[in-house]
Amino acid sequence: MSYGPPHPVARLLLTPEDKEAPARAQRLLHMGLGDQPDPALDVFAGHLAELTGAPYAMVNFVGESQQFFAGLHVRPAVSLARAGDSKPQLGRSMGRDHGFCPHVVVRRKALVLEDVRDYPRFAGNPIVDEFGVRSYLGAPLIDSTGMVLGTVCVVDMDPRPWGKAGLETIKASAVDLVTRLERRQADGLPLL
């Protein structure tokens, strides 16, 4: 029996196993999603940020080894790095071991974290210390085939009481976006 420090891979075990990831990657490729920023999805993320009052909103497609924010909104004059901090800036991609969206995808259910520090399973996630994320609200993007493509989510650097209204908003936004994505794929219609 060993009582030394935990094995370095132990942190990765916090990210749930995603058996649908290979099929999802193929579905996203077929739909033309998941590897390019999409201006229409940026607009959708901006609208989601307005609805929730969150400084950050994302349309996130989760692949086999990384997440890609095809839609991203960062409130102007807001930075994940506070004055004097050396925290990294949010980009368009992130590893699967970062963030809470991989949990939403595998659980197939919305996730509300008003203060991530209140949940031991999530408090140790790298984005808490690296980016300063303190609250999260996300819902899965479940298409008509039953596959979870990714998530819509919002985050804040401060604890947030998202409440029932926040949960209903994020879930309705996810359903709305999937409808738009499938309509765009089938009919070639614009997303927004």
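Trainee: Let's start with strand 1 and strand 6. In which sense do they pair, and over how many bridges?

Mentor: Happy to begin there. As a general idea, strands of a sheet pair through backbone hydrogen bonds, either parallel or antiparallel. In this predicted model, strand 1 (residues 56–62) and strand 6 (residues 148–156) pair in the antiparallel sense, with six bridges between them.

Trainee: What is the bridge partner of A57 in strand 6?

Mentor: Look for V154: that residue of strand 6 is the bridge partner of A57.

Trainee: And how many bridges join strand 1 to strand 2?

Mentor: Seven bridges, and these two strands also run antiparallel. Y56 has V74 of strand 2 as its bridge partner. Strand 1 and strand 2 form a hairpin, with three residues between them.

Trainee: Let me step outwards from there. How many bridges join strand 2 to strand 3?

Mentor: Three bridges, again with the strands running antiparallel. One pair to find on screen is Q67 and its bridge partner in strand 3, M94.

Trainee: Now the whole sheet. What is the order of the six strands?

Mentor: The order is 3-2-1-6-5-4, in an open sheet with antiparallel pairing. Strand 3 (93–95) and strand 4 (111–113) are the edge strands, each pairing on one side only. Direction ignored, neighbouring strands of this sheet are turned by 20° against each other on average.

Trainee: How should I think about the side chains along a strand?

Mentor: In a regular strand the side chains alternate between the two faces of the sheet. With that in mind, let's turn to the helices.

Trainee: Which strands does helix 2 touch?

Mentor: Helix 2 (residues 39–52) packs on the sheet and touches strand 1, strand 2 (66–74) and strand 6. The direction of helix 2 makes about 65° with that of strand 2.

Trainee: Which strands does helix 6 lie across?

Mentor: Helix 6 (residues 163–187) lies across strand 1, strand 4, strand 5 (135–142) and strand 6, and it runs at about 35° to strand 5.

Trainee: At roughly what angle do the axes of helix 1 and helix 6 cross?

Mentor: The axes of helix 1 (residues 21–31) and helix 6 cross at roughly 55° and come within 10 Å. Helix 1 is therefore oblique to helix 6.

Trainee: Which residues make that contact?

Mentor: Helix 1 brings R27, H30 and M31, while helix 6 brings L181, E182 and Q185. The residues of this contact divide into two nonpolar, two polar and two charged.

Technical notes:
Residues are numbered from 1 along each chain as its sequence is written. This is a predicted model: local features need pLDDT of at least 70, side-chain atom pairs count only at pLDDT 80 or more; totals for chains, interfaces and linings use all residues. Side-chain values use heavy atoms; hydrogens and water are left out. Two strands pair if DSSP finds at least two bridges between them. Helices (H or I, at least four residues) and strands (E, at least two) are DSSP runs, numbered from the N terminus. Axes are lines fitted to C-alpha atoms, for helices over the stretch in contact, and angles run from 0 to 180 degrees between N-to-C directions. Contact means heavy atoms within 4.5 Å. Angles under 35 degrees count as roughly parallel, over 145 as roughly antiparallel, 65 to 115 as roughly perpendicular and the rest as oblique. Ala, Val, Leu, Ile, Met, Phe, Trp, Tyr, Cys and Pro count as nonpolar, Asp, Glu, Lys and Arg as charged, and the others, Gly among them, as polar.
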